[in-house]
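Here is a short report on a two-chain model, meant to be read with the structure open beside it. Please have a look at the chains before reading on.

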Amino acid sequence: MDIAHSGTPSPLRRIGLGDGLFALALVCAAGFALSQYGAFMDIYDKAILAAVVPSLAAIGWAWKPFRGFLVAAAALALLSISLYGGDLARAEQAFFLKYLISSQTAIMWMSALFFIATGAYWIGLIARSDFAEKTGSALTWSAVTMGTTGLLVRWYESYLIGTDVGHIPISNLYEVFVLFSLITGLLYLYYEGHYATRRMGAFVLLVISAAVAFLLWYTFSREAQEIQPLIPALQSYWMKVHVPANFIGYGAFALAAMIGVADLLVRKGILASRLPPAEVLDDVMYKAIAIGFAFFTIATILGALWAAEAWGTYWQWDPKETWAFIVWLNYAAWLHIRLTKGLRGPMLAWWAVIGLVVTAFAFVGVNMFLSGLHSYGSL
Amino acid sequence: MRQRSTSRAFYELISSMRFAISLLTILGIASIIGTVLKQNEPYNNYLNQFGPYWFPLFEELGLYAVYNSAWFLVILAFLVLSTTACIVRQTQPMLKDMRSFREHAKEASLAAFLHHERLHTALPTDNAAQKIQAYLAANGFQSRAGAREDGVLLAAKQGSWTRVGYFLAHSAIVLICIGGLLDGNLPLKMQMALGGKTTTSGNQLISDIKPESRLGLDNWSFRGNVFIPEGKSSNVAILNVKDGILLQDLPFTVSLRKFHLEHYSTGMPKRFASDILITDKATGKSVEKTIEVNKPFEFDGIMMYQASFEDGGSRLHLLGHDLRTGGKTPFQTDATVGEAIKLKQDGLDYTLELGSFRPFNIENMANDEPAAETSKMATLEKHLGSGARSVSKKDLRNVGPSFEYKLRDSAGQAREYQNYMLPIEQDGAWYMLAGMRDTPAAPFRFMRIPMDQDGKPDSWFMIHSQLLDKSRHAEIANRFVATALGPDAGETVRERLRETTRKTLELFAIGGFESLGKFIESTVPAAERDKAADVFVKILEGSTWEAWKLARSAAGQPPLELDQKLGRLLRDSLNATSDSLHYGAPVYLQLASFEEVRATVLQVTRSPGKPVVYFGSLLLVLGVFAMLYIRERRLFVLIKHNGDALVALSANRKSMDVEETFQRHRKAIAALLDPATTPPAQS
């Protein structure tokens, strides 16, 4: 993820046996997916699948705990799929499906685990309890594992409804909220390991909890969890690259904003003895915004390429496009100020926090208040 | 001299960071306007929204097409200018800096680095320098040795490519803006301003459009729509410009063989596809192709996309039921969607404007049952399991075709109607739904014409015609009185009821229940109104039954036995008759049969800027990653003949890991320089 992280001569040198096995497992998994589901993929889908293998391998090599997480989520998803055995009704009958690893149940578990993790991190922060913080960490790992399992199983379930309905579950507001929670959670866990501190969890998990709260409201009062088929404009392999790239951006910006809040508190002397020093928070904030900006740039360009194919124009100032542009401008300005002017301090933290408001509007607000081509999830 | 300094100051300003940041901010805020106000709507909508005072002002400000307005383009131009100036200003020193090793740096300046440390070495200078150079090379540094009087300075650098990232990312912005400009509507504006092209109104035949509103084949940048009904062809595209249109000639002819429209069982659209045949005008060569959403096709340098679809002139066979009294037989007429015909029948004088036709309508027919009190656990459990399960009950059904039309009377007043072809079940009985509204903004109000025991609306037309016909009222009243009172009742009672019935029917024939209601309000004391209303309804229901019997015997149909089902039919008939008095038209049009014709709308574009924008995007990604993730590090190792040494590290950016990196290199270098005194560093 962080290409030149810590300036070690070559990250390849640190690749061990586990990494080799992990890569091998990824190749086998891709091969299995191809043999099992290749009939539902076009050449682009297959190319994306092939590209996912080295990408995940690279992440796993650079960030070791990711390997365990991915293996666990994949194993749970495969177990779920084998329990289904091609019959949707099994979701109501099989105990493990109904109460553990059918897609909705897994996502409910994810929601619950994120909430408890938030509590654990806060207890850890306030009571200076190492144990509580470790618990928070473990719960966050479990939450992202369950959430990833949920999405993978949902993907399979959509094909059980009908092969013409089946699609990757990142197509509407409900599904991307799950994705957002997962990606933000994973990014946080990466920084937690990289900076060897669990003190930022209390703040970052707050924004994830807010997303999960929205997700639950959306489920219980709007029945948004029901799998819907794709309208023609969305039936494209571009979705598989455009949406995840976008949510790495959104997730990283959200994380940066929460670190910004912590940073501001530390600078005011609140919780200063418990949180990491402002210098560390500042560094995390910069790293998150940098990665968010890089991926948001890619996502916007991929979106433009897709728009050119689906709507005939790579850019037509649709409200979602325009707000993506505004978000991009905002963080471009942030990076300019920091990198070129070398500015540090509360102003950048404030800016990162306000950046989340702009990002949230681009993410949810546009769907709520403005109409346009991107209205895939209305409220 | 003064002028020179002014232009110099201007250059300084626009290439400054402050100016760039201000521009980004202004651009962001300006962009918001276009997301709040819907862009490129028909001008009439804006006029309605803002009124005659604000409308022209907002038009002048270009608010209806913000992103094409002159002021927005000026801001973009400034962004290009500022970025270009920035590149020009930075490139020279940046390249110089990239190439330079600074191997002649002064010791004092090295000692002023944030990350530096003094070391010692027992080795001869040359030997030490060799070892360090090998170390630097092994760690990915390029280095150069600068010999000096008192020793040697090894100057090393890595990650200089981050500077190239700056150049790539900023040139990308310029490229993307230029490409976007080529594909925007600036070329069109130029042609209108310089080439004397003017827009024209869209309500005319293509052959009538004059050359000044036609764009030739040499136009290298355009975006327009081609409308082709099934079985027809087209060789022009229509460009919507402000409140008019321009015609773009195409170098080929496109024929639509068939338009495919598929739906999921939920009624959601699944696939739009056009089977087309393209024939090149110059060569006569033709290609068959299916264009779908997400699967465009390029021909002669013109991209074609599936943009939307419309009705291509479906032909409807209609049955006109005269709602006036007198028992007229239904008349037949044919109409085409999108066209207007005259309805002149027995004194009717209307224009029928057939607006649209839908071959099917998917509706959720599930009853909204009041939610039973469920525990929280039960609610949670409902949301567990697969994402395929729907929690609320659904009963999706195709309720059949529908069509919308306007009826315009001789005075030019029009009302809108929406009728369904097939009867629809509601509360256990079947009805033909006939919708009407006075204004386009209002929802349709539906008259429910009940289906009779034979599953036809005919009985209602019979009843309706009898009930509202004043000449029949005396007869109906007589029969009703005979049935209601039986043979024993006295003549005065009979006469009174007969009179009341006649009065009731007369009132009802004017405005239905509404007239009766008004009558009751004005004549009956409040306390007795409910009772009175009951009496009137009973009279009406009885009369309806008599009216129906009368009509049936007149038509030579066998008598019927009144049962619960027919009772409901009677009440429904009465309701529909009352509603028909507010239907606004003396005729109900029933859809007897149809022949659907679809039309596709293809977007055709020539966008010369696309490759430029795509290339710019590639540079942008490379540039951003290079700038953010290639780290520039400069490591200096000064080795003096007297055994003193100095190691210093600089980075282009301050960040936490610089110190970490410095410590690692310092330890390694110290170990190399003086292996005896320093424990070997782990690396």
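The report below takes up the overall build of each chain, then the domains of chain B, and then some helix packing in chain A. Please keep in mind that this is a predicted model.

Let us begin with chain A. It has 13 helices and zero strands, so an uninterrupted run of α elements follows from the N terminus on. The radius of gyration of chain A is 21 Å, close to the 21 Å that the globule rule gives for 379 residues, so chain A is as compact as a globular protein of that length.

Chain B has another make-up, with 17 helices and 26 strands. Its radius of gyration is 42 Å, well over the 26 Å expected from the globule rule for 683 residues, so chain B is more spread out than a compact globule.

The table puts the box dimensions and the buried share of each chain side by side.

| Chain | C-alpha box along the principal axes | Residues counted as buried |
|---|---|---|
| Chain A | about 55 × 50 × 50 Å | 49% of 379 residues |
| Chain B | roughly 145 × 70 × 55 Å | 30% of 683 residues |

How is chain B divided into domains? Domain 1 covers 2-96, and domain 4 covers 458-591. Domain 2 is made of 108-159 + 631-673, while domain 3 is made of 188-220 + 222-312 + 598-606. Taken over C-alpha atoms, the centres of domain 1 and domain 3 of chain B are separated by 32 Å.

Now back to chain A for its helix packing. Two packed helices are described by the angle between their axes and the distance between the axes. Helix α10 (residues 238-267) of chain A and helix α11 (residues 278-310) of chain A have axes that come within 7 Å and cross at roughly 155°. Because angles over 145 degrees count as roughly antiparallel, α10(A) is roughly antiparallel to α11(A). Their crossing is left-handed. By class, the contact of α10(A) with α11(A) has 25 nonpolar, six polar and three charged residues.

Helix α10(A) also takes part in a second pairing, this time with helix α9 (residues 201-222) of chain A. What is the crossing angle of α9(A) and α10(A)? Their axes cross at roughly 135° and come within 8 Å. The two helices α9(A) and α10(A) are therefore oblique to each other. The crossing of α9(A) and α10(A) is right-handed, whereas that of α10(A) and α11(A) is left-handed.

Methods. Residues numbered from 1 in each chain as written. Chains lettered and ligands numbered in written order. Predicted model: local features only at pLDDT ≥ 70, side-chain atom pairs only at ≥ 80, totals over all residues. Axes fitted to C-alpha atoms, helices over the stretch in contact; angles between N-to-C directions. Helix = DSSP H or I, 4+ residues; strand = E, 2+ residues; numbered from the N terminus. Parallel < 35°, antiparallel > 145°, perpendicular 65-115°, else oblique. Left-handed = near helix turned anticlockwise from the far one by under 90°. Nonpolar A, V, L, I, M, F, W, Y, C, P; charged D, E, K, R; others polar. Domains from an automatic or database assignment. Rg over C-alpha atoms; globule rule 2.2 N^0.38 Å. Buried ≥ 20, exposed ≤ 12 C-beta atoms within 10 Å, placed from the backbone.
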